[in-house]
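Student: Please take a close look at one part of this model, the salt bridges. Which side chains pair up, and how are the partners placed?

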Amino acid sequence: MGAGASVPSPLPESEEAAKAAGFTDEQIAAYKAEQAAAADAPAPAEEAAPAADGEAPSDPAVTIKEGDSAEQDKAATILQNKQRQKAATAKVEAKREEKREQDGAATKLQGIQRQKAAKAKV
């Protein structure tokens, strides 16, 4: 699962438009980081070229890019988890509010029912 899985691509042209479209600051930052990493990444032929004697390439930029990808995946996972947590919290709060409203309505109905029973006795 890559960083692109958590943030739709492309975002609107400006940050204000992205925020107006409902994107969070974290999503915008992740998108910018992904775009910067893509712009800095070497061409695929350069990145995958092994050394002639069968050893891994000794270019430190290649290993740094691989680490960045793992860090981006980790950051994307963290962002996705935070988004899921926010959504779950909002869902639970909505259910609690609905329960409060139902309890209030039930209390009113019980009061009305008691009044009717009291009038019937008198």
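**Salt bridges in the predicted model**

Tutor: The model is predicted, and it holds three salt bridges.

Start with R100, whose side chain meets that of E97 in a salt bridge, with an N to O distance of 2.6 Å. Both residues lie in helix α4, which covers residues 60-121. They are three residues apart there, so about one helical turn separates R100 from E97. R100 has a relative accessibility of 45% and E97 one of 35%. Buried means under 20% and exposed means over 50%, so values in between are called partly exposed. R100 therefore counts as partly exposed, and E97 likewise counts as partly exposed.

R100 also forms a salt bridge with the side chain of E93, at 3.4 Å from N to O. E93 is partly exposed, with 38% relative accessibility.

The remaining pair is D103 and K99, which form a salt bridge with their closest N and O atoms 3.3 Å apart. D103 and K99 are four residues apart in helix α4, so these two are also separated by about one helical turn. K99 is partly exposed at 47% relative accessibility. D103 is partly exposed as well, with a relative accessible area of 37%.

As for how the pairs connect, salt bridges that share partners join E93, E97 and R100 into one network. R100 is the residue that bonds to E93 and to E97.

Terms used:
Residues are numbered from 1 along each chain as its sequence is written. This is a predicted model: local features need pLDDT of at least 70, side-chain atom pairs count only at pLDDT 80 or more; totals for chains, interfaces and linings use all residues. Side-chain values use heavy atoms; hydrogens and water are left out. A salt bridge is a side-chain nitrogen of Lys or Arg within 4 Å of a carboxyl oxygen of Asp or Glu. Buried means under 20% relative accessible area, exposed over 50%, partly exposed in between (1.4 Å probe, protein chains only).
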